[in-house]
Structure formats: structure tokens, C-alpha cells
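Visitor: I should like to understand the reasoning behind the terms used for this model. May we take them one at a time?

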Amino acid sequence: MGALILKGGNVMDPAVGLNAVADVLIRENRIASIGPGISELGAEVIDVTGHLVTPGLIDMHTHICWGFTDIGLVPDEICPQSGITTIVDAGSSSWPSMGSFRSQIAGPSNVRVLGFSNISSLGIPTAGTPELESLKFVNIDRTVVSVAENGDLMVGIKVRQGNHLVGSNGLDPTRLAVEAAEQLAVPVMVHVGNTPGPLSDVLDLLRPGDIITHAYHGYAHGILDDHSAVWTDVIEGHKRGVIMDVGHGAGSFKFDVAQAAFEHGFFPDVISTDIYTSNVDGPVFDLPTTMSKMLNLGMPISDVIASTTSIPARVIGRDDLGTLRPGSVADVAVFERQSGSFEFCDSHGDVRRYPQRLVCRHTVRDGHLWYSAE
Ligand SMILES: [Zn+2]
């Protein structure tokens, strides 16, 4: 493989605090160097002047178990044009299906595939399957063994804590998920929205590094009080180290909630799509669209990039990813920041026009130019 130079872009790598106009030299499958005026004999040069050059994106909440779940998308069909080089499935699979996850999903994919193991043995066969209606579906020992044996693939435990999914089991599913995760020293990702009690009750069960996904959902027991201020308990849980993840989805992101929260400075730690079959054609579309919504709602661009690179890398225990640090695997994305009037829709049918949009121009995966627009 020859060398590749991305020339003249605005290079943003929050992991190392880099934000400067520079060239990026890729040799073999690694980031070789970053700096001004790089040249190398025989290298392919791509002019990215005026564009944003970032680490390849990590989408930390997706559903990609196509073939054995109803909701799964094919990872290599959705990643290259979005700048995603690492995609994380959020609990579609679990210990009985982990072999399929490895052999049918992760193995054949060009994108790097990782996953959270569902605490329910059922995984998520369909969006509406109540996989935790009975706690007979939870086997902590088998879950711990399978995640431990697949440590290169599995990064945490997923639990869906919605009323319609847990029946009369209250918060026991989250307790069990934390119990399994503690044995593995991995994070728990908790799906919230219409939980059996207030969000603070869920937060009380979580450890620093555990994740609330669907943070801006817009249903009962959310982050806001009656006056559209963020609950003090929620702010404290966040300060204690619980991670707030967007997890947009078909039903889990409301503009009004995010806007009110952002006005109080309550931004997400991680921006993820929760992309699956019934939202890929809207309202989610892709990760750059979800990032654009956050940008337009007032989240600074450097935070938007950190929330899709360095921070999810840290949250899933993979600090080697989500950075352009020389020596790292050459996973890189190039974005154009467009100005105009663009339409966006949330999960509750609220359509808004906003002036900014991020569009992926190039994606480099493992040193290879994987995607170029046009
Ligand atoms: Zn999901």
C-alpha cells in the first residue's frame, strides 16, 4: 500500500487537543505524521483544503445484527458515506447469538464492529419484543462468560429499561446488568424513556462510566423538570461520571428537550444514532445528520467531534481508537461544513430548518481510501 496525504484540512483531534490547519500523512495502515507542508515521494495526495479532518467516527449505539434480528442494518452499507470507521451494536445480540454476531456481522465487515451484549438472552429480535418481561431470560453467569471470552468484540452490557419492555420487574433489569458488568469491569448502557420511576432512581444504580442512552427522549421521567430545567439529581449523576448519550432512534430524540437542556449547558457526552431499519430513511438518516442537529442546537463543533471520537473511545475502553495520534490505525474522516437552509426532523415529528450541515467527503479505513463523495 502506498502512502496517502490529506492536504491542507482543518485537523481536529480532541484526544490530543489538536485543532489546526495541517497535512495528515498515512503510511501503510497507520497515521505517520501530522503537520504543515508534508510531502512524500509517490504518495497519493488528496486536497482537503477548507474541510474538517477528524478521526474516523465511532457510532456507539446502533443495530446491525441483520439476518438474525428484525431491526439490523448491514454495517458496510451505512458506514463509509457517514465517516464511521467503528460501529457499536447496542444489545441486539446476547450470549446465545454472540457466535453469529462474530461470524456473520463483525467478521465479514470492513468497518470495525464492536457490541454491547444484552442482559436478556433474547437480545433485541424486534424493536417491540419485551425481552425483560421475565427475569428468566437473564443468565448472568452465561453473559459474563461469553463477554469475557469475546473481549476483543464486546465492550459492555445493554439493558432496555422501558415500562413496556420490563413488565412488572421495576429496575431489577438494570440491577442485574450492573451486577454482570461489575464482574467484567465494563460499562452498562441503559435505555431510558418511560422508565418505571424517575431517572434519578436509575442514576442511583449506575457507576461512573455507565451510560444513559436516549438522554433527550421527550417521554415521562426525562432529564427536565416541569420548568424545563435539568433535574438537579440528573446534573449530579452526570457530574459523578454517568455518561449521557443521544441514541436518537425512531422515538428517542426531541428537539424541545435538547434545546432546553443545551440552554442550561447540558450537552451530551456521546452523540450516537440508534440507527436501525425503521429510522434509516428518517428521522435519523445517519450520524452526520445527528451531529448536525447538535451543532445547530448550539453544541460547539469541537465538542460534536469529541462526542463521536475521543469520548466514545474512552467510554468503551478503547483509547487506541478515535484519535489521529501518530502510530494509531489510520481511520480518518473528512467533512464539509455546509451553510444554507436544511431541514431536520426529530423523533416526535417536529420539523425544523437550520443553517448548518456536516457532509462526509472522504473516509479512510485502516489506511485505505474507503469512500469519496461525487
Ligand atoms: Zn437502540
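Visitor: Which residues have the most contacts inside the largest nonpolar core?

Guide: In this predicted model, the largest nonpolar core has 80 residues, and those with the most contacts inside it are Ile119, Ile157, Ile212, Tyr216 and Ile223.

Visitor: Why is this core said to lie between domain 1 and domain 2?

Guide: Domain 1 comprises 4–54 + 326–337 + 354–372, and domain 2 comprises 56–315; because both give residues to the core, it lies between them. A second, separate core of 17 residues includes Ile211, Ile243, Val270 and Leu321.

Visitor: What does Tyr216 touch, not counting residues up to four places away in sequence?

Guide: Among the residues that Tyr216 touches are Ile223, Val246, Phe253, Val257, Phe262, Phe267 and Pro268.

Visitor: Why is the pair of Tyr216 and Phe262 called edge-to-face?

Guide: Rings pair if their centres lie within 6.5 Å, and planes over 60 degrees apart count as edge-to-face. The centres of the Tyr216 and Phe262 rings are 5.6 Å apart and their planes stand at 85°, so both conditions are met and the pair is edge-to-face. Tyr216 belongs to the loop between strand S11 (211–213) and helix H7 (232–239), while Phe262 belongs to helix H8 (residues 255–263); the two are 46 residues apart, and the pair links distant parts of the chain. Both Tyr216 and Phe262 are buried.

Visitor: What makes Phe253 and Phe255 an edge-to-face pair?

Guide: Their rings are 5.8 Å apart centre to centre, with 80° between the planes, and the same limits of 6.5 Å and 60 degrees apply. Phe253 and Phe255 also form one aromatic cluster with Tyr216, Phe262, Phe267, Phe344 and Tyr354.

Visitor: Which protein atoms are the donors of the zinc ion?

Guide: They are His61 (NE2), His63 (NE2) and Asp274 (OD), lying 2.1 to 2.2 Å from the ion; the cut-off for a donor here is 2.8 Å. Along the chain, the donors follow the spacing H-x1-H-x210-D.

Visitor: Why do His61 and His63 count as buried?

Guide: Buried means under 20% relative accessible area. His61 has 1% relative accessibility and therefore counts as buried; His63, at 3%, is likewise buried.

Visitor: How do you know that the protein is as compact as a globular protein of its length?

Guide: The radius of gyration is 20 Å, close to the 21 Å that the globule rule gives for 374 residues, so the description applies. The protein has 11 helices and 15 strands, and buried residues make up 59% of its 374 residues.

Methods: Residues numbered from 1 in each chain as written. Predicted model: local features only at pLDDT ≥ 70, side-chain atom pairs only at ≥ 80, totals over all residues. Heavy atoms only, no water. Core = buried A, V, L, I, M, F, W, Y, C linked by side-chain atoms within 4.5 Å. Buried < 20%, exposed > 50% of the residue type's maximum accessible area, 1.4 Å probe, protein only. Domains from an automatic or database assignment. Contact = heavy atoms within 4.5 Å. Donors = N, O, S within 2.8 Å, 3.2 Å for Na, K, Ca; no water. Phe/Tyr/Trp six-rings, centres within 6.5 Å; stacked < 30°, edge-to-face > 60°. Helix = DSSP H or I, 4+ residues; strand = E, 2+ residues; numbered from the N terminus. Rg over C-alpha atoms; globule rule 2.2 N^0.38 Å.
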